[in-house]
Amino acid sequence: MKAVVITTAGGPEVLQLQQVNDPEIKDDEILIKVEATALNRADTFQRNGSYPPPKGASPYLGLECSGTIQAVGKDVSRWKVGDQVCALLNGGGYAEKVAVHGGHVLPIPPGVSLKDAAGLPEVACTVWSTVFMMSRLSAGETFLVHGGSSGIGTFAIQIAKNKGATVLVTAGSEEKLAFCKKLGADVCINYKREDFVARAKEETGGKGWSSH
Ligand SMILES: NC(=O)c1ccc[n+]([C@@H]2O[C@H](COP(=O)([O-])OP(=O)(O)OC[C@H]3O[C@@H](n4cnc5c(N)ncnc54)[C@H](OP(=O)(O)O)[C@@H]3O)[C@@H](O)[C@H]2O)c1
């Protein structure tokens, strides 16, 4: 297969498309024929040599991807050959094929193209694990999102609104705040012009940003 190889630590010019060996799957993994991948900041750190992949992970860039399942390990029951999926990877998305643990794979949400779904797993897993699994945000609570127009922020606003929370956001410009508003944010605060702590208290009857 072809993969984008980091030939030496450095800028984007060190990346080269090369012929490499196909990945082999373990019993608990699936093989995805990659449709699309994404660019995360961590990819740029890996490329410049300051963020090496974990031991045993693919040496190629790419922390998430979408595509079609081409092979399934014998211990994987949820997925079958031909399924269209997206996946959270520990590397290897910048290649024609990637092996990934069956538990790190998600279906393509209805209404999202296979290509666009490549950019979902990183934000979805990050927001879901921190906001809902750890912090247990629930309907009726108030939720403050800093960097509302960021990758994480835009996902967090939408899913928190969907779960019935009131969403306060901060961002550094009116344009960014207008975008957050369009995504459903209830209160939009320009932290460069306003004291966000005072405004958040004002908006929540003096309690701050949590209803606990
Ligand atoms: N994206 C992911 O999937 C992912 C996964 C795991 C962890 N993370 C972490 O989550 C954080 C946010 O990631 P992201 O992908 O959502 O980031 P992003 O889209 O690049 O947005 C970063 C936001 O931070 C704010 N900011 C404040 N000071 C900044 C500065 N000096 N330079 C640049 N931005 C500045 C900016 O909004 P304002 O103008 O509103 O200040 C900007 O919109 C990062 O720490 C990242 O490492 C991200």
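**Entry 1: layout**

Into which domains is the protein divided? I looked this up before anything else, keeping in mind that I'm working with a predicted model. The split gives domain 1 at 2-118 and domain 2 at 124-203. I then checked the spacing: taken over C-alpha atoms, the centres of domain 1 and domain 2 are 30 Å apart.

**Entry 2: the five-stranded sheet**

Next I went through the antiparallel sheet. It is open, built from five strands, and its order reads β6-β3-β4-β5-β7. At the edges I find β6 (97-101) and β7 (105-107), and each of them pairs on one side only. I also looked up the twist: on average, neighbouring strands here are turned by 50 degrees against each other, direction ignored.

Then I took the pairings one by one. β3 covers residues 29-37 and β4 covers residues 64-72; seven bridges hold this antiparallel pair. For a landmark I noted Thr37, which sits opposite Cys65 in β4. On to β5 (residues 84-88): this strand runs antiparallel to β4, and five bridges join the two. Glu64 has Leu88 in β5 as its bridge partner. Last in this row, β5 and β7 pair over three bridges, again in the antiparallel sense. Ala87 faces Val105 of β7 there.

**Entry 3: the three-stranded sheet**

How are the strands of the other sheet ordered, β8-β9-β10 or otherwise? I read the order as β8-β9-β10, in an open sheet with parallel pairing. β8 (142-145) and β10 (187-190) are the edge strands; each has a single partner strand, so one side of each is left without a neighbour in the sheet. The average turn between neighbouring strands of this sheet comes out at 15 degrees, direction ignored.

I picked out one pairing in detail. β9 (residues 166-171) and β10 are linked by four bridges in the parallel sense. Within that pair, Thr170 stands opposite Ile189 of β10.

**Entry 4: the ligand**

Which residues are closest to the ligand? I get 13 residues around the ligand, and the closest are Gly151, Ile152, Ala171, Lys176 and Tyr191. By class, the shell splits into four nonpolar, seven polar and two charged residues.

I jotted down the polar contacts to ligand oxygens. Ile152 uses its backbone: an N or O atom there lies 2.7 Å from a ligand oxygen. Lys176 uses its side chain, with a polar atom 2.5 Å from an oxygen atom of the ligand. Tyr191 also brings a polar side-chain atom to 2.5 Å from a ligand oxygen. As for cover, the ligand on its own has 890 Å² of accessible area, and the protein covers 42% of it.

Then I asked myself which elements give two or more residues to the shell. They are α2 (121-134) and α3 (151-162). α2 gives the most, with three residues.

**Entry 5: the ends of α5**

My final lookup was helix α5, residues 196-203. What caps its N-terminal end? I find Asp195 in that role: a side-chain oxygen of Asp195 lies 3.0 Å from the backbone nitrogen of Val197. After α5 comes Gly205, and I noted its positive phi, near 60 degrees.

Technical notes:
Residues numbered from 1 in each chain as written. Predicted model: local features only at pLDDT ≥ 70, side-chain atom pairs only at ≥ 80, totals over all residues. Heavy atoms only, no water. Pairing = 2+ DSSP bridges. Domains from an automatic or database assignment. Near = heavy atom within 4 Å. Polar contact = N/O pair within 3.5 Å; in protein donor to acceptor, adjacent residues only side chain to side chain. Areas by Shrake-Rupley, 256 points an atom, 1.4 Å probe, with all protein chains shown as cover. Nonpolar A, V, L, I, M, F, W, Y, C, P; charged D, E, K, R; others polar. Axes fitted to C-alpha atoms, helices over the stretch in contact; angles between N-to-C directions.
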